[in-house]
Amino acid sequence: MDTFEQIAERERQYLLQTYNRYPVVLARGKGVFVYDIEGNKYLDFVSGLGVNALGHAHPRIVKTIREQAAKLVHVSNLYYHEYQGALAEKLCSLARGSSEQEFRAFFSNSGTEAIEGSIKLARLAGHRAGGNAKCRLVALEGSYHGRTFGALSLTGQQKHRQGFEPLLEDVTFVKQNDLDGLRTAVNDNTCAIVLEPIFGEGGIHECSEEFLRECRTLAHRHKAALIFDEIQCGLGRTGTIFAFQSFGVTPDIIAIAKPLAAGLPLGAFIAREEFASAIAPGQHGTTFGGGPLACRVALEYLAIVEDEKLLDNVNKVGAYLQQELKELVSKRNAAVGVRGRGFIQGIELEIPARPIVDGGLAEGVLFNSTQDTVVRFLPPFLLEEKHVDKGIRVLKKLLGKKKQKAAA
């Protein structure tokens, strides 16, 4: 087996250097733990940036992949297979809930592609409702939607956009939870309002329910699509299967991806019939999206979440994680605040987060940093309170000095 140095050097020589990787080579995983090539064990609070919601090597996922790979991995979307329609039906049913709204799904390879498809659909529906002038997009400052040109155009962080301009025109950015700014930005030429209910890469900042309700009201008034990017916060991470169900506001289009196929590339957008009906054959497509292997695994993922009552665990252990993080903030000088819910949470620091992540690696715990001063938690849904305790012990060690009690 190659050494760490050999593996890292090969990547430095032959890969585009787009990632500042951590100095570890992961070789296998089991449950909430991963192991490097030297056999060292790490508790995983990152779960592949939210992808491995079932942890690693879940036996039902392994069995499903083996069975389907021996039958059929890929067919063109020119033909039917038995799993794409079944998965679309399941997702649309979950999105509909007890309402009478009808939804349709489209499958992509990634979350970014799901955002691209959502924008295209909103533009088509906008043109149908108000002509070519109805094409404007409203997005949020501080947001992150992906790295293709359409997704970058909606991403409200200059550090990601810089160097790639010009991007899509006709995009207006509004501050998160700024009701007056939102009302000013949305008009009859708006075709879509696009937002993450909880900013992921942007530092775990939630949209307020009041703000989301106003987005819903304005989108309806101006015949625009309300698009929720649930790529990171959806599919169970907030404690409900869709994040919008945690906030009580139903969007017109939902973009999902990360955990959907338990580690295989699969994204989707789900649209209300009013908007879904705007598209015609030939106006959108995909080579790999919605293949039989990925769709069958996604059906198994959703079944496991239900059978193992993992949403209950996300709510229970997520509340415990938040409680312990708040306790940490109350006692450590470097920690100043906690945000998020369920298994998408962040702790704000007064110091850079990257050294904390490096220190966690040395202590056998995988943390993730975002926005320079936030440690982000996206653990597998299998996480238990004892795992939270270990992570908190390591954070206490790394954050150092305790807050001084005020004099009586």
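Glu67 and Lys63 both belong to helix H3 (residues 59-69), where they sit 4 residues apart, about one turn of the helix, and their side chains meet in a salt bridge with an N to O distance of 2.7 Å. This pair is part of a predicted model, and a search of the whole structure finds 25 salt bridges. The points below take up further salt bridges, then an open sheet of 4 strands, the helices H13 and H14, and finally the surroundings of Ala255 in strand E9.

**Salt bridges within helices**

- An α-helix has 3.6 residues a turn, so residues three or four places apart point the same way.
- Side chains of opposite charge can pair when their charged atoms come close.
- In helix H3, Glu67 counts as partly exposed because its relative accessibility is 30%, a value that lies between the limits of 20% for buried and 50% for exposed.
- Glu9 forms a salt bridge with Arg12, with the closest N and O atoms 3.2 Å apart, and these two residues of helix H1 (residues 4-14) are separated by about one helical turn because they are 3 residues apart.
- Both members of that pair are partly exposed, since Glu9 has a relative accessibility of 40% and Arg12 has a relative accessible area of 49%.
- In helix H13, Lys331 and Glu327 are 4 residues apart, about one turn of the helix, and their side chains meet in a salt bridge of 2.8 Å, N to O.
- Lys331 counts as partly exposed at 42% relative accessibility, and Glu327 is partly exposed as well, with a relative accessible area of 36%.
- Elsewhere, Arg216, Asp252, Arg272 and Glu274 are joined into one network by salt bridges that share partners.

**The open sheet E11-E12-E15-E14**

- The 4 strands of this open sheet follow the order E11-E12-E15-E14, and their pairing is antiparallel.
- Strand E11 (335-341) and E14 are the edge strands, each of which pairs on one side only, and neighbouring strands of the sheet are turned by 30° against each other on average, direction ignored.
- E11 and E12 pair in the antiparallel sense over 6 bridges, and within this pairing Leu349 in E12 is the bridge partner of Ala335.
- E12 is joined to E15 by 4 bridges, with the two strands running antiparallel, and Glu348 has Val374 in E15 as its bridge partner.
- E14 and E15 pair in the antiparallel sense over 3 bridges, with Asn368 standing opposite Arg376 in E15.
- The hairpin of E14 and E15 has 3 residues between the strands, and in this hairpin Gln371 takes a positive phi near 55°.
- From E15, Val374 and Arg376 point one way and Val375 and Phe377 the other way, and all of them are buried.

**Helix H13 against the sheet**

- Helix H13 (residues 310-331) packs on the sheet, where it touches E11, E12 and E15, and its direction makes about 165° with that of E11.
- The 22 residues of H13 should span 32 Å at 1.5 Å a residue, and the end C-alpha atoms of the helix are 31 Å apart, which agrees.
- Among the buried residues of H13 are Leu310, Val314, Val317, Leu321, Leu325, Leu328 and Val329, and the buried set also includes Asn313, Tyr320 and Glu324.
- The cover over the buried residues of H13 includes helix H12 (292-307), E11, E12, E15 and H15.

**Helix H14 and its surroundings**

- In helix H14 (residues 354-362), the buried residues are Ile356, Val357, Gly359, Gly360 and Leu361.
- These buried residues of H14 pack against several elements, including strand E3 (41-44), strand E12 (344-349), strand E14 (368-370), strand E15 (374-377) and helix H15 (385-399).
- Just after H14, Gly364 takes a positive phi of about 85°.

**Ala255 in strand E9**

- Ala255 has its place in strand E9 (residues 253-256), and it counts as buried because its relative accessibility is 0%.
- Leaving aside residues up to four places away in sequence, Ala255 touches Ala114, Ile115, Ser118, Phe228, Asp229, Glu230, Ile231, Ala268 and Phe269.
- The C-alpha atoms of Ala255 and His145 are separated by 10.0 Å, while the two residues are 110 residues apart along the chain.

Terms used
Residues numbered from 1 in each chain as written. Predicted model: local features only at pLDDT ≥ 70, side-chain atom pairs only at ≥ 80, totals over all residues. Heavy atoms only, no water. Buried < 20%, exposed > 50% of the residue type's maximum accessible area, 1.4 Å probe, protein only. Contact = heavy atoms within 4.5 Å. Pairing = 2+ DSSP bridges. Axes fitted to C-alpha atoms, helices over the stretch in contact; angles between N-to-C directions. Salt bridge = Lys/Arg side-chain N within 4 Å of Asp/Glu carboxyl O. Expected span 1.5 Å × (residues − 1).
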